[in-house]
Amino acid sequence: MRVIAVHLLNDYSGSPKVLMQLLKGWVKNDLDTHLYTSGKREGFLSDIVGIQEHFYWYQFAKNPFIRLFFLTFSQMALGFKLLFFLKKTDILYVNTVLPFGAGIVGKIRGCKVVYHIHETSIKPLLLKKFLFGIVRWSASEVVYVSNFLAQQEPMKKKKNVLYNVLENNFVKEATQNRSIQKTTKIVLMICSLKAYKGVHEFVTLARINPQLTFKLIVNANQAEIDAYFSNETIPSNLFLYPVQKNTHPFYKEASVLLNLSDVNLWVETFGLTILEGMAYGLPVIVPPVGGVVELVEEGVNGYMINSKNTNAISEKLNLILNDDSLYQKMCLESIEKSNHFNEEYFENESIKILSN
């Protein structure tokens, strides 16, 4: 069995991390595994042992028109490469809906085309309709990261729900280093440097809670951070960090983990960072809609609150952090919940999807 996985932008965000876990599982099971992704840039998909790498050009651009042009050009280049590489007996595994060139050529070549869908919030709407239209036309079956996403983007295709999980190495390190006894009250958030991810709400929470320490890790470099906050005064209890290869020290010291995505602009389809924080025993506060709610039980291991309601979030933060009994109970519940999302389940289910 030959599996050709395709991803657009190799970076340190959630979707390439999930594909990295899949690739490692396939190699472990002796599958002939190939990866097509964007250039030799650094990210979760870099230097994975046992796979054969192939590269095509793509570059992210902030300007939406230039970005659309780059996407279109990259998919033409990808499609040309795949046209002469794919065999009818191959399984083409397309990660996210963005690499539409792969779906088109996979359909033409008669391959089994599997789409792993992570997203629903794609702008503009016309682009979303085009990308999901290609999926509906070309996919043999689809994989969703949550039941919420499966309901949000229904298709008349064979459907699989494959929850994101934690790597065994991550769980091992978390188990060795986590502690529910905290000396400093630290509120952590890890996200993209986008307004719709709740960055400004996080700053507001830091301002109204000077007694707490806030740490924000964003998927950006220091120059991009400086430019983003150039017209904003950062409170002294808020610390900003560029993209981190190793987030374990941050989870270890944190007390609470937040996800503040704006439900009107961006719906979280799962929430891998929330799951990682839970493995460290962190209570969480997340939006009240999306796949992320499948990880949280209200008042048990966290709370579900609209990110625009910063007063309510502030109230829950102080409730969690000032009640030792409640805090310890929530920590243990978070750990217990995270245990259900393990690598063995993920690997076994992914092999079944490829084999059926």
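Here is a chat between a visitor and a guide about a predicted model and the reasons behind its labels.

Visitor: Let's start with the sheets. What makes β3 and β7 edge strands?

Guide: The open sheet they belong to has seven strands, in the order β3-β2-β1-β4-β5-β6-β7, with parallel pairing. β3 (52-56) and β7 (158-161) have a single partner strand each, so one side of each has no neighbour in the sheet. From one strand to the next, the twist averages 20°.

Visitor: How do you know that β1 and β2 pair?

Guide: Two strands count as paired if there are at least two bridges between them. Strand β1 (residues 2-6) and strand β2 (residues 32-38) run parallel and are joined by five bridges, so they meet that cut-off. You can look at Val3, which stands opposite Thr33 in β2, or at Ala5, whose bridge partner in β2 is Leu35.

Visitor: Why is β1 called mostly covered?

Guide: Five of its five residues are buried, and buried means under 20% relative accessible area. Both faces are covered: Arg2, Ile4 and Val6 are buried on one side, Val3 and Ala5 on the other.

Visitor: What makes β5 and β6 a pair?

Guide: Strand β5 (residues 112-117) runs parallel to β6, and four bridges join them. With at least two needed, that makes them a pair. One spot to check is Ile117, which has Tyr144 as its bridge partner in β6.

Visitor: How do you know that both faces of β6 are covered?

Guide: Check the residues side by side. In strand β6 (residues 141-144), Glu141 and Val143 are buried on one side, and Val142 and Tyr144 are buried on the other.

Visitor: On to the other sheet. Why is one side of β10 left without a neighbour?

Guide: That open sheet has six strands, in the order β10-β9-β8-β11-β12-β13, and its pairing is parallel. β10 (238-241) stands at an edge with a single partner strand, as does β13 (302-304), so each has one side without a neighbour in the sheet. The twist here averages 15° from one strand to the next.

Visitor: And how do you know that β9 and β10 pair?

Guide: Strand β9 (residues 213-218) has four bridges to β10, in the parallel sense. The cut-off is at least two, so the two strands qualify. In β10, Leu240 is the bridge partner of Leu216.

Visitor: What lies across β8, β9, β10 and β11?

Guide: That's helix α7 (residues 199-208), which runs at about 165° to β9.

Visitor: Glu201 sits in that helix. Why does Glu201 count as buried or exposed?

Guide: Its relative accessibility is 11%, so Glu201 counts as buried; the cut-off is under 20%. Neighbours within four places in sequence aside, Glu201 is in contact with Ala195, Leu260, Ser307, Lys308 and Thr310.

Visitor: Why is Val256, over in strand β11, called buried?

Guide: The relative accessibility of Val256 is 0%, so it counts as buried. Skipping neighbours within four places in sequence, Val256 is in contact with Ile186, Val187, Leu188, Leu282, Pro283, Leu317, Ile320 and Leu321.

Visitor: How far apart are Val256 and Met278?

Guide: In sequence they are 22 residues apart; in space they are 9.4 Å apart, C-alpha to C-alpha.

Visitor: Now the empty spaces. What makes a space a cavity or a pocket?

Guide: A 1.4 Å probe fits in a cavity but cannot get out, whereas a pocket is an open set of points. Searching the whole structure turns up one cavity of 30 Å³ or more. The largest cavity has about 30 Å³ of space, and its lining is Lys17, Gln21, Val165, Leu166, Glu167, Phe170 and Glu276. Sorted by class, that lining has three nonpolar, one polar and three charged residues.

Visitor: What lines the second largest pocket?

Guide: The lining residues are Ile180, Gln181, Lys182, Thr183, Thr184, Lys185, Ser255, Leu321, Asp324, Tyr327 and Gln328. This pocket holds about 170 Å³ of space. Helix α12 (residues 324-338) gives the most to its lining, with three residues.

Visitor: How does the lining of the second largest pocket split by class?

Guide: There are three nonpolar, five polar and three charged residues. One thing to watch when you tally: Tyr counts as nonpolar, so Tyr327, which is among the lining residues, goes in the nonpolar class.

Notes: Residues are numbered from 1 along each chain as its sequence is written. This is a predicted model: local features need pLDDT of at least 70, side-chain atom pairs count only at pLDDT 80 or more; totals for chains, interfaces and linings use all residues. Side-chain values use heavy atoms; hydrogens and water are left out. On a 1 Å grid over the protein atoms alone, a cavity is a set of points where a 1.4 Å probe fits but cannot get out, and a pocket is an open set with protein on both sides within 12 Å along at least five of seven lines; lining residues have an atom within 4 Å of a point. Grid points are joined across faces, edges and corners, and a volume is the space filled by probe spheres set on the points. Helices (H or I, at least four residues) and strands (E, at least two) are DSSP runs, numbered from the N terminus. Axes are lines fitted to C-alpha atoms, for helices over the stretch in contact, and angles run from 0 to 180 degrees between N-to-C directions. Contact means heavy atoms within 4.5 Å. Buried means under 20% relative accessible area, exposed over 50%, partly exposed in between (1.4 Å probe, protein chains only).
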